[in-house]
Amino acid sequence: MPSSALLTPDQIALFREQGYLAVDSISPPAEVQLLQEIFQRLFQDGAGWKKGAQFDLAGTDDGRPAKLPQLLNPVEFAPELRETEFRANALAIARQLLGPKTEPWFEHAILKPPHYGAETPWHQDEAHRDDPGTDYEQVSIWMPLQEATQANGCMRYIAGSHRGPILEHRSPNNDPRITALECVGGFDPAKAAYCPLPPGGAAVHHCRTLHGAGANQSDLPRCAYILAFRGPARPNPEFHGYPWNATKHTAAQERRVSWENRGGIVGRAVRGAGEAIRRTLKRVRSRVGRLGRK
């Protein structure tokens, strides 16, 4: 879809300076309403749970109500998400910030249930990386499907932190069963800048920008849909991954392994062939799309 949500030079300069940017509108109201319905269904139905794609980001998946449900790659469970203005506009913005070869990297959705939806710990997105030998920049575009306020857990940032290093992280409460990461120091949370947004607005942030979100103390759920984009990758043999990721042992990881191993050798071979075909079709669609834009 053609994009209409391009950044101005002043907005780009502000992003470079502070490491994040608020955009008033990236998706029209009718589309936001449709996305609300889609994600309400996906979370209620437990989409992706068996394969480890849905889990409690702030808990241990121990059977209690999830404090911070997250769904990885929701487009896999709702293919209609591919054809949205949000996706087209987000890609256009990411390419303005990281260059024309920037491509979609991954996506996820986070739900904060009313009254008990947990705080999202302070962290840097790059701290989650587990792909040794590479280097690249990444931006995330975070869109709330309801009004995002301090009361229900809007985004908050440490301006300028993207210009510094990756700080030390750990599992919350030093519990490796929890998927989330939290930054353990090297910044002042009192300097946080809050980023309230209307439904269909967006917060754009760099992968090294320190950010988090408060708990949901309101009467309504707060759901956000996040698209991440990666600039051109380059070799970096000095990057061996981050140690805090190597210690993780979550229930979602176990479910993912069980799902991938279902059917034994034959099942894995069939799924591998299907995935290769899907990747080829994706590359073809991407090339056709680029030719169409030219």
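**Figure 1. An overview of the predicted fold.** Helices here are DSSP runs of H or I with at least four residues, strands are runs of E with at least two, and both are numbered from the N terminus. Counted this way, the protein comes to 6 helices and 15 strands. Please keep in mind that the model is a predicted one. Of the 294 residues in the protein, 48% are buried. If you take the contacts between residues at least 6 apart in sequence, 84% of them join residues at least 24 apart.

**Figure 2. An open sheet of 7 strands.** In what order do the strands of this open sheet stand? The order is 1-12-7-14-4-3-2, and the pairing is antiparallel. Strand 1 and strand 2 are the edge strands, each pairing on one side only. On average, neighbouring strands of this sheet are turned by 20° against each other, with direction ignored. As a general reminder, strands of a sheet pair through backbone hydrogen bonds, either parallel or antiparallel.

**Figure 3. Strand 1, its partner strand 12, and helix 1 lying across them.** Strand 1 and strand 12 run antiparallel and are joined by 4 bridges. To find the register, look for Y20, which stands opposite H205 in strand 12. Helix 1 lies across strand 1, strand 7 and strand 12. Its direction makes an angle of about 140° with strand 1.

**Figure 4. The other end of that sheet, from strand 2 to strand 4.** Strand 2 (residues 54-56) and strand 3 (residues 69-72) run antiparallel, with 3 bridges between them. Which residue of strand 3 is the bridge partner of Q54? That partner is L71. Strand 3 is also joined by 3 bridges to strand 4 (residues 103-112), again in antiparallel fashion. Here Q70 stands opposite I110 in strand 4.

**Figure 5. A 4-stranded open sheet with the order 5-13-8-11.** The pairing in this sheet is antiparallel. Why is one side of strand 5 and of strand 11 left without a neighbour in the sheet? Strand 5 (120-123) and strand 11 (193-195) stand at the edges, and each has a single partner strand, so one side of each stays free of a neighbour in the sheet. From one strand to the next, the twist averages 25°. A closer look at one edge shows strand 8 (residues 155-157) and strand 11 running antiparallel, joined by 3 bridges. The bridge partner of M155 in strand 11 is C195.

**Figure 6. The largest nonpolar core and a second, separate one.** The largest nonpolar core has 37 residues, and F39 and I141 have the most contacts inside it. Which elements give two or more residues to this core? They are helix 1 (9-18), strand 1 (20-23), helix 2 (29-44), helix 3, strand 4, strand 7 (138-144), strand 12 (202-206) and strand 14 (222-230). Helix 3 gives the most, with 7 residues. A second, separate core of 20 residues includes L57, I110, C154 and I178.

**Figure 7. The surroundings of I141.** Leaving aside its neighbours within four places in sequence, I141 has contacts that include I26, F86, A90, I93 and A94. Also among its contacts are A202, A203 and V204, together with Y225, I226, L227 and F229.

**Figure 8. R87 in helix 3.** Is R87, placed in helix 3 (residues 85-98), buried or exposed? Its relative accessible area is 18%, and buried means under 20%, so R87 counts as buried. Not counting residues up to four places away in sequence, R87 touches V75, L81, R82, E107, Y225 and L227.

**Figure 9. Aromatic rings and the charges over them.** How many aromatic pairs are there? The count comes to 7 aromatic pairs. Y242 and W244 form a stacked pair, with 5.2 Å centre to centre and 5° between the planes. Both Y242 and W244 are buried. Elsewhere, ring pairs link F39, F86 and Y225 into a cluster. As for charges, R230 lies over the face of W105, at 3.9 Å from the ring centre. R262 lies over the face of W259, at 3.9 Å from the ring centre.

Conventions
Residues are numbered from 1 along each chain as its sequence is written. This is a predicted model: local features need pLDDT of at least 70, side-chain atom pairs count only at pLDDT 80 or more; totals for chains, interfaces and linings use all residues. Side-chain values use heavy atoms; hydrogens and water are left out. Two strands pair if DSSP finds at least two bridges between them. Axes are lines fitted to C-alpha atoms, for helices over the stretch in contact, and angles run from 0 to 180 degrees between N-to-C directions. Buried means under 20% relative accessible area, exposed over 50%, partly exposed in between (1.4 Å probe, protein chains only). Contact means heavy atoms within 4.5 Å. Rings of Phe, Tyr and Trp (its six-membered ring) pair if their centres lie within 6.5 Å; planes under 30 degrees apart count as stacked, over 60 as edge-to-face and the rest as tilted. A charge sits over a ring if NZ of Lys or CZ of Arg is within 6 Å of the ring centre and within 35 degrees of the ring normal. A nonpolar core is a set of buried Ala, Val, Leu, Ile, Met, Phe, Trp, Tyr and Cys residues joined through side-chain atoms within 4.5 Å.
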